[in-house]
Amino acid sequence: MFIGISVVAVILLVAVCGLVYVGCARDNTPAPASVANRPSGKILTVVYSESKTKSTLTVAKWIQGYVGGDLAEIQPVTPYPESYAKVILVAKKELDSQTWPEIQPLPFDASEYDVIFVGTPVWFGTAAPPLRRFLADAKLAGKTVVPFCTHGGGGAGRTFAAVKIACPESTVLPGLALRGPNIIQRKMGRGSEVLSSAAHVAEWLESLKW
Ligand SMILES: Cc1cc2nc3c(=O)[nH]c(=O)nc-3n(C[C@H](O)[C@H](O)[C@H](O)COP(=O)(O)O)c2cc1C
């Protein structure tokens, strides 16, 4: 009798582990295949991503997976505080005063590339200050700049307009805005069925007129 119950318990445990495993596998970021509509020339993806979820970095990696090229992550010289409440305060101050923080040198020189994807989380309806620092310093005149962003539900806001203003002599293509928390492919919010995924990135890339 005891042996019978133990066997049932083990079978149940294995079944539950299997379900959990399948569930996790479904949540994995899909490995992107390349898209047909790729730009010619050298491609660089530059991204700032702040939160622990690293949503914008995830999108950057999908872009790189689809179109190739190099990827560089912007790191502020002085990291933002650990606490969300404090990040909000610092970010608000920087955006209000249009003061962009120093960033660490990137491993690639953007001036040597033809197409530069630039990614940022949306902060107070616009591009985050570390990306603004990059845009202010990089020499992107004559290049094609392709913005993308992730947000918490408020959309891109003025993010792409800010990139355009910062790159007056570049060709700035239509940007992609994805809802950050959905990037990890979970259903978020009240009944939201719309998932952001690598497939959305592929669709957008295919629609761009290079
Ligand atoms: C300082 C700060 C300001 C934010 N402002 C907005 C906002 O205006 N609109 C919005 O939808 N999400 C806002 N968010 C949420 C982020 O845009 C969102 O979580 C994003 O996906 C994070 O990307 P990351 O993981 O690459 O940092 C803000 C987050 C922070 C930390």
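In the predicted model, α2 passes α6 in a right-handed crossing. The axes of these two helices, of which α6 spans residues 198–207, come within 10 Å and cross at roughly 55 degrees. Since angles under 35 degrees count as roughly parallel and those from 65 to 115 as roughly perpendicular, α2 is therefore oblique to α6. The contact is formed by Val-59, Trp-62, Ile-63, Tyr-66 and Val-67 on the side of α2, which meet Ala-198, Val-201, Ala-202 and Leu-205 in α6. By residue class, this contact of α2 with α6 comprises nine nonpolar residues, with no polar and no charged ones.

Helix α2, which covers residues 55–67, also contributes to the surroundings of the ligand, where α2, α3 (84–97), β3 (115–123) and β5 (144–151) each supply at least two residues of the shell. There are 22 residues around the ligand, and those that come nearest are Thr-56, Pro-121, Gly-152, Gly-154 and Gly-180. In composition, the shell around the ligand divides into twelve polar, eight nonpolar and two charged residues.

Confidence in the prediction was examined along the chain, for which the mean pLDDT is 84, with 77% of the residues reaching 70 or more. Over residues 10–28, however, the pLDDT is below 50, and this stretch has three contacts in the model beyond near neighbours in sequence. A further stretch, residues 185–193, likewise stays under 50 in pLDDT, and the model gives this segment eight contacts beyond four places in sequence. Where pLDDT is low, the predicted coordinates should not be read in detail.

Definitions and conventions. Residues are numbered from 1 along each chain as its sequence is written. This is a predicted model: local features need pLDDT of at least 70, side-chain atom pairs count only at pLDDT 80 or more; totals for chains, interfaces and linings use all residues. pLDDT is the predictor's confidence in each residue, from 0 to 100. Two residues are in contact if their C-beta atoms, placed from the backbone, lie within 7 Å. A residue is near a molecule or strand if its C-beta atom, placed from the backbone, lies within 6 Å of it. Helices (H or I, at least four residues) and strands (E, at least two) are DSSP runs, numbered from the N terminus. Ala, Val, Leu, Ile, Met, Phe, Trp, Tyr, Cys and Pro count as nonpolar, Asp, Glu, Lys and Arg as charged, and the others, Gly among them, as polar. Axes are lines fitted to C-alpha atoms, for helices over the stretch in contact, and angles run from 0 to 180 degrees between N-to-C directions. Angles under 35 degrees count as roughly parallel, over 145 as roughly antiparallel, 65 to 115 as roughly perpendicular and the rest as oblique. A crossing is left-handed if the near helix is turned anticlockwise from the far one by less than a right angle, and right-handed if clockwise.
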